[in-house]
Amino acid sequence: YLYQGAGFNQFNGTKALAEKYAAALNKLTSTVSFPIYSIIAPTSVEFVDIPYDVKQSDDFYNSSQKTFTSNVNNAANSSAVDVYTAISSKVSEEYLYMKTDKNWTADAAYYAYVEFCNSVGQIPASRASYEKGSYGGYLGNFYNATSSGRLKANADTVNYYKVNALYPCVVTMYRGGLAYKDRALIYTQLSNPTSYAYYAFL
């Protein structure tokens, strides 16, 4: 769904679906000997103010993600990490969601990480300790699905933080039974960022 130069995924999570997800969490929690944490990240459509008449004419209705998350947390035995409050308090002031893509930004993910650290009694690393990089002109999956000129004129910037510089690590990816060794945690030299900037994290 496109509105004012941005794309959105519809969200229709019901209480029954929340309880089904909570039941899956409870089953997992009962089978392992370590803590399970539930982190439900809100999507961008939760924070866009679309007039009722527009939603009605486009048949674009959404359930409350805050209510859905509460329903999960009330039914689940796992430890819930509240990232909704932190993101909702900053979303009007900071660039936390892509406009041409379904994903959130590295900064939104950082706020979720901070809330997780707070929940488990760990001290989160400061963003300021990492060098920041970016890819401009990114056109994500909403653009790929629609070829919308409005989205093309509103291309995203994918920001990333060079974690490797402070915490060098060896990354091995497993896919389809194959192991890909010596991969990067963050890719800083992508050749086609317009299409693949989000691959910085993959």
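What covers the buried residues of helix H5? The cover includes helix H4 (84–90) and strand E6 (156–161), where contact means heavy atoms within 4.5 Å and buried means under 20% relative accessible area, with exposed being over 50% and partly exposed in between (1.4 Å probe, protein chains only). Helices (H or I, at least four residues) and strands (E, at least two) are DSSP runs, numbered from the N terminus. The model is predicted, so to speak of local features a pLDDT of at least 70 is needed, side-chain atom pairs count only at pLDDT 80 or more, and totals for chains, interfaces and linings use all residues. Residues are numbered from 1 along each chain as its sequence is written, and side-chain values use heavy atoms, with hydrogens and water left out.

The overall picture comes next. The protein chain holds nine helices and eight strands. Its C-alpha atoms fill a box of roughly 50 × 50 × 35 Å, taken along the principal axes. Of the 202 residues in the protein chain, 33% are buried. Among contacts between residues at least 6 apart in sequence, 66% join residues at least 24 apart.

Helix H5 can now be followed along its length. H5 spans residues 106–120, which makes 15 residues, and reaches 21 Å from its first C-alpha to its last. That is close to the expected 21 Å at 1.5 Å a residue, the expected span being 1.5 Å times one less than the number of residues. The buried residues of H5 are Ala106, Asp107, Ala108, Tyr110, Tyr111, Ala112, Val114 and Cys117. Just after H5, Gly121 takes a positive phi of about 75°.

Cys117 leads to the matter of disulfides. A disulfide is a pair of cysteine sulfur atoms within 2.5 Å, and by this rule the count is zero. The sulfur of Cys117 is too far for a bond because the closest cysteine sulfur, in Cys169, is 17 Å away. Cys117 is buried, with a relative accessible area of 6%, whereas Cys169 counts as partly exposed at 38% relative accessibility.

Strand E6, part of the cover over H5, is also the place of Asp156. Is Asp156 buried or exposed? At 0% relative accessibility, Asp156 counts as buried. Leaving aside neighbours within four places in sequence, Asp156 is in contact with Tyr95, Met98, Lys99, Thr100, Asp101, Tyr135, Gly136, Gly137 and Tyr138. With Tyr95, a polar contact of 2.5 Å joins the two side chains. A polar contact is a pair of N or O atoms within 3.5 Å; within protein, one must be able to donate a hydrogen and the other to accept it, and residues adjacent in sequence count only if both atoms are side-chain atoms. Asp156 and Val114 of H5 are 42 residues apart in sequence and 24 Å apart in space, C-alpha to C-alpha.

Attention now turns to the nonpolar cores. A nonpolar core is a set of buried Ala, Val, Leu, Ile, Met, Phe, Trp, Tyr and Cys residues joined through side-chain atoms within 4.5 Å. The largest has 15 residues, of which Phe8, Leu25, Val45, Phe60, Phe68 and Val72 touch the most other members. Helix H1 (15–31) and helix H3 (65–75) each supply at least two residues of this core, and H1 gives the most, with three. Apart from this core lies another, of nine residues, among them Met98, Tyr138, Tyr160 and Ala200. Back in the largest core, Leu25 is in contact with Ile36, Ser38, Val72, Ala76 and Ser78, leaving aside neighbours within four places in sequence.

Helix H3 has a buried side of its own. The buried residues of H3 are Gln65, Phe68, Thr69, Asn71 and Val72. These residues lie on the same side of H3 because they cover an arc of only 160° around the axis, the arc being that of the directions from the helix axis to the C-beta atoms. They pack against H1, strand E3 (37–38) and H4. The face turned away from this buried side carries the exposed residues Lys66 and Asn74. At the N-terminal end of H3, Ser64 acts as a cap, with a side-chain oxygen 3.4 Å from the backbone nitrogen of Lys66.

Two residues other than glycine deserve a mention for their backbone angles. Gln4 has a positive phi near 50° and sits in the loop between strand E1 (2–3) and strand E2 (6–7). Asp182 has a positive phi of about 55° and lies in strand E8 (residues 178–183). Gln4 is exposed, with a relative accessible area of 63%, and Asp182 counts as exposed at 68% relative accessibility.
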